[in-house]
Amino acid sequence: MNAKETIKKALGAIEDPSNNQTFEQNNAVRYVSVEEDENKVNLVIGIAKDDDETKKQVKRRIAKVIKIDLGYKGLKIDFELLKKKDSIVDEKRKIKYIGVASGKGGVGKSTVAANLAVALKRIGKQVGIIDADIYGSSIPTLFNMDILAPRADENEKIIPFETHGIELISTEFFIKDDKPVMWRGPMLGKMLNNFFYDVAWKEDIEYIVVDLPPGTGDVALDIQKLIPESEMVIVTTPHPSASHIARRAGYAAKSLNHDILGVVENMAWLNHNGEALKIFGEGGGKEVSDKLETDLLQQIPIGQPEDGHPGIYSMGEDIGVAYIGLANKLVKTIEDK
Ligand SMILES: Nc1ncnc2c1ncn2[C@@H]1O[C@H](COP(=O)(O)OP(=O)(O)OP(=O)(O)O)[C@@H](O)[C@H]1O
Ligand SMILES: [Mg+2]
């Protein structure tokens, strides 16, 4: 091993205090040079958070390794900000996040997120779902699950729950006594950070569907800002009045650099004696997808799941089949990129 490799290896175990990952996990050692005659090391280090306290702590940890453990006299450190995707943990696993967003509440966003996750599993993908709707978490109910307190594994990572063959984590599991919680600022950031970086997902997980809070208000945008780069699906109902609000959600996602995969029009019609009744109007999905210059991926008709299930349609139902169509289109779009 030459001097540079030795240094890189010795620095690998240092932990970045702002995301609790090691330099090796963060792929943080960007550049190493050694000036032999001056016995000096120059480094460029990627850090997760650009604040003085992080830098101070990281500097101290690096100085211990370079000066005390390895015996160099001089040390110069330049910092640069890590991009979220720099973490090799995610790179290795190639997790794709699919965020499900809507302009307003009640359009079926959570239903779409849950059924999309199940459909991805049914076409053979390994899937997780994050219920990040802090206003009205409903994913556990849709899956007919009891609310249990989550456990942590030996590395302090949250162990997700399993249902319908997919793994799940929800804000609901962290709320005590049904009290509404106003997650804001640092607390919100901390919780989401846990959701996105500290869950012990299965090793082979491929897709994580995220149920986002509805709307384009502060909290919805904060959350979109805090999630890793995601592919977005916008849910709307057929009514034109709903569609312009959904469009705004799409523009917000775009402005935050999330890629929009397309639009799902939910509650598109009701099948009644062989006739499609457009009881919520029509054209909303097409209007949103045209304006956002993306595809109308799927129209989902109105209908309750058979066999009394609270939220998940079976493969034997038209709506269950429509979700398989949606999952196939999304996978194709993502994998063709
Ligand atoms: N295609 C559909 N046909 C019939 N009912 C539906 C359909 N999609 C959703 N629903 C019902 O509409 C209601 C709202 O759905 P859901 O909770 O998924 O919406 P949401 O957009 O997540 O709402 P919220 O803003 O409250 O989170 C639920 O009772 C759900 O069962
Ligand atoms: Mg919901």
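Why does A101 count as buried? The answer is in point 5 of the following note, which concerns a predicted model.

1. Overall make-up. The protein chain of this predicted model holds 11 helices and 16 strands. Its C-alpha trace extends over about 85 × 40 × 35 Å along the principal axes. Of the 337 residues in the chain, 38% are buried. Where contacts link residues at least 6 apart in sequence, 75% of them connect residues at least 24 apart.

2. Domains. The domain assignment divides the protein chain into domain 1, covering 3-86, and domain 2, covering 94-336. Between the centres of the two domains, taken over C-alpha atoms, the separation is 39 Å.

3. Strand β4 and its partners. In a regular strand, side chains alternate between the two faces of the sheet. Strand β4 (residues 40-47) shows this alternation: V41, L43, I45 and I47 are directed to one face and are buried, whereas K40, N42, V44 and G46 are directed to the other and are not buried. Strand β3 (residues 29-35) runs antiparallel to β4 and is joined to β4 by 6 bridges. Within this pairing, V29 has I45 as its bridge partner, and Y31 has V44. The pairing of β4 with strand β5 (residues 74-81) is instead parallel and comprises 8 bridges; there, G46 is the residue whose bridge partner in β5 is E80. Together with helix α3 (residues 52-69), β4 and β5 form a right-handed β-α-β unit.

4. Positive phi values. Most residues other than glycine have a negative phi. Two asparagines deserve a check on this account. N39 is not a glycine, yet has a positive phi of about 60 degrees. N39 is located in the loop between β3 and β4, a hairpin with 4 residues between its strands. N39 is exposed, because its count of other C-beta atoms within 10 Å is 11 and the limit for an exposed residue is 12 or fewer. N20, likewise not a glycine, has a positive phi of about 55 degrees and sits in the loop between β1 (15-16) and β2 (21-22). With 14 other C-beta atoms within 10 Å, N20 is partly exposed. A further residue, E293, takes a positive phi of about 55 degrees just after α10.

5. The surroundings of A101. This residue belongs to strand β6 (residues 96-102). A101 counts as buried because it has 28 C-beta neighbours inside 10 Å, and the threshold for burial is 20 or more. Leaving out residues up to four places away in sequence, A101 touches L212, M232, I234, A249 and A253. Q224 is 123 residues from A101 along the chain, while the C-alpha atoms of the two are separated by 9.4 Å.

6. The surroundings of V263. V263 is part of strand β14, and is buried, with 29 other C-beta atoms within 10 Å. Apart from neighbours within four places in sequence, the contacts of V263 are I234, T236, G285, V288, S289, T294, L296 and L297. The C-alpha atoms of V263 and D290 lie 9.7 Å apart, with their positions 27 residues apart in sequence as the separation along the chain. I234 is thus listed for V263 and also for A101.

7. Helix α10. In this helix (residues 284-291), the buried residues are G284, G285, E287, V288 and S289. They pack against β13 (231-236), α9 (240-255), β14 and β16. Three residues of this buried set, G285, V288 and S289, appear among the contacts of V263.

8. The shell around ligand 1. How many residues surround ligand 1? There are 18, and the closest are G105, G108, K109, S110 and T111. By class, the shell contains 5 nonpolar, 11 polar and 2 charged residues. At least two shell residues come from each of α5 (109-122), β14 (259-272) and β16 (296-302). The greatest contribution is that of α5, with 3 residues. Of these elements, β14 and β16 are also ones against which the buried residues of α10 pack.

Conventions: Residues numbered from 1 in each chain as written. Chains lettered and ligands numbered in written order. Predicted model: local features only at pLDDT ≥ 70, side-chain atom pairs only at ≥ 80, totals over all residues. Pairing = 2+ DSSP bridges. Right-handed = clockwise from strand over helix to strand, strands pointing away. Near = placed C-beta within 6 Å. Nonpolar A, V, L, I, M, F, W, Y, C, P; charged D, E, K, R; others polar. Domains from an automatic or database assignment. Contact = placed C-beta atoms within 7 Å.
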